[in-house]
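I opened my notebook today to look up rings, charges and hollow spaces. Here is what I wrote down as I went.

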Amino acid sequence: MFSKRVILVANISLVIVALFLTLNLFDVKIPNIGRALDLLDKEEPSCMVQWKNEINPLPDMGMCCLGARAQLGCHQENSQWVCETGPSTLRYILNKKAYNYCLGQVIWSG
Amino acid sequence: MARKSKLRDAERWFFALILIVLVLATLNVAKASGYFIPEQPGIQVKAGVIPTVELHTLSLDQKIAQMIIVSGSEANSDVWKKMQPGGVHLFARSKEEQFTQLIDKYQQDMQVPFFVTVDLEGCLNPFANFKQFPAAVEIATPDEAFRIGTEQGKFLKSVGVNLNFAPVVDLKDQIWRCRSFPGDEKEVTLLANAYLKGLQEQGVIATAKHYPGKTLVTRDPHKYLVTATIDNRDLFPYSELAKDVDGIMVSHLITSGAIDSRGIPSVASPQVIGTLKQRYDGLVISDEINMLGLKDFYPTLDEMYLAVFIAGNDIILNFNEDPNEIYRMIQVVKKGVEQGDIPESQIDASVTKILKAKGFMVER
């Protein structure tokens, strides 16, 4: 049905997938491209909290991620990510680096 | 002929590999959903005017699990029911029915119910999409604070939430600007006391936070280990509220001054929690333990897990979404108890407090 070369490529791909699945099954963490890109990105993570018209920096990224995670949802506004629940509550404003960082945290991976 | 045979071999390998990948993928999905975590037997409850739990009937796994509050997602509801942690914390949802249906699902058939917890602080409000409350900073009088506490308590009870991580009694909120009551330490205490009485009269546990203070002020340039100097004004609300409030939450700040955490995060400091427990016999609750201020302090998660239990927290918040990690935490702590790093009597004392807070009588 397929040529030998096609099947060979498919087999090698399947071996790689099987390897990753095996590593994941035994909780072996390996460096990934996403993390490498993150390391290359020299932009500092930034998190701000907005209450009404006042915006303040929140330097504790752990608190920032938890606060943002607790909101109903996050959406993009210009180049920032805004996490909020309702019109009368706090807003968490994260830059891309901070948002991507939070997405990778164990409290957010569900 | 030889070429055809090689092609046939490659095809055989192809199908074998497909099968292997499917099996591995299934195992990964099963593992992620907690399929391999052993089910805990239900905790036995003796019926009576006040239902009774005999502590000696609980296994060590069950006791440690009761001390943990996890993130109560829809996806993990079955595995959490299987593992029976002490509580589930709910983040924001868009409709009231989403809360009630999920809570009903969690509490169904549970002999010992879950603590169902939220952070309802006014300006932080998981119900804000359909129910608004004023921010703590906008509450001006004790009467108003009591009324808001009562209103929130009625609402939380109707939804099925039985533990609220509020009021915030940190002084001078300089970051969020809305989470704490206005005024000096005396005014904050007065308002917080009125609020928590309103809440607790409705049967919802209140939590004063974040001991020993300064959480809403510290702007440490180091993002990961956060330090603060505590003075007696920070501690005033706790000493005044200790007789009334059902829970106190401890922060991950490294503190000096009136409360010295001796260079380690407060929540993992036996010194900080030991001192607190000398004057307070309610529930001592950790802040979420995956925050960097705590997590980055320890070389391994195992050391952090042991530290927060050894320190004496009654309830530990771990919102890690992976049930396997929560199970691993229980096993690490269990080993710590078996090896004598954590006295079992300390675990028993915490579980007794938890079960009493859930409305049970506890027999040793």
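**Charges over rings**

I began with Arg179(B), whose charged end sits over the ring of Trp176(B), 4.5 Å from the ring's centre. I noted beside it that this is a predicted model. Then I looked up a lysine: the charged end of Lys358(B) sits over the ring of Phe115(B), at 4.9 Å from the centre.

**Rings beside rings**

Next I turned to rings that pair with each other. I reminded myself that a pair of aromatic rings is described by the distance of the centres and the angle of the planes.

How many aromatic pairs are there over all chains? I found a count of 15. I picked out Trp81(A) and Tyr99(A), which form a stacked pair with 4.0 Å from centre to centre and 10° between the planes. Where do the two residues lie? I traced Trp81(A) to strand S4 (residues 80-84) of chain A and Tyr99(A) to helix H4 (residues 96-103) of chain A, so the pair ties together parts that are 18 residues apart in sequence. I also checked whether they are buried or exposed. Trp81(A) is buried, and Tyr99(A) is buried too.

For my next entry I went to chain B. There, Phe127(B) and Phe130(B) form an edge-to-face pair, with 6.1 Å between centres and 70° between the planes. I looked up the accessibility of each partner. Phe127(B) has a relative accessibility of 0%, so it counts as buried. Phe130(B) counts as partly exposed because its relative accessibility is 26%, and the buried label needs a value under 20%.

I then followed the ring pairs outward. They link Phe127(B) and Phe130(B) with Phe99(B), Phe133(B) and Phe155(B) into a cluster.

**Hollow spaces**

My last search was for cavities. I found five of 30 Å³ or more in the structure, and the largest has a volume of about 340 Å³.

Which residues are the closest to the centre of the largest cavity? Of the 27 lining residues, I listed Leu66(A), Asp119(B), Glu121(B), Leu124(B) and Arg179(B). I was happy to meet Arg179(B) again, the residue with its charged end over the ring of Trp176(B).

I also asked which elements give two or more residues to this lining. They are helix H3 (61-69) of chain A and strand S6 (205-211) of chain B. H3(A) gives the largest share, three residues.

Finally, I sorted the lining of the largest cavity by kind: 15 residues are nonpolar, six are polar and six are charged.

Methods. Residues numbered from 1 in each chain as written. Chains lettered and ligands numbered in written order. Predicted model: local features only at pLDDT ≥ 70, side-chain atom pairs only at ≥ 80, totals over all residues. Heavy atoms only, no water. Phe/Tyr/Trp six-rings, centres within 6.5 Å; stacked < 30°, edge-to-face > 60°. Helix = DSSP H or I, 4+ residues; strand = E, 2+ residues; numbered from the N terminus. Buried < 20%, exposed > 50% of the residue type's maximum accessible area, 1.4 Å probe, protein only. Lys NZ or Arg CZ within 6 Å of the ring centre and 35° of its normal. 1 Å grid on protein atoms, 1.4 Å probe; cavity = no way out; pocket = protein on both sides within 12 Å on 5 of 7 lines; lining within 4 Å. Points joined across faces, edges and corners; volume = space filled by probe spheres on them. Nonpolar A, V, L, I, M, F, W, Y, C, P; charged D, E, K, R; others polar.
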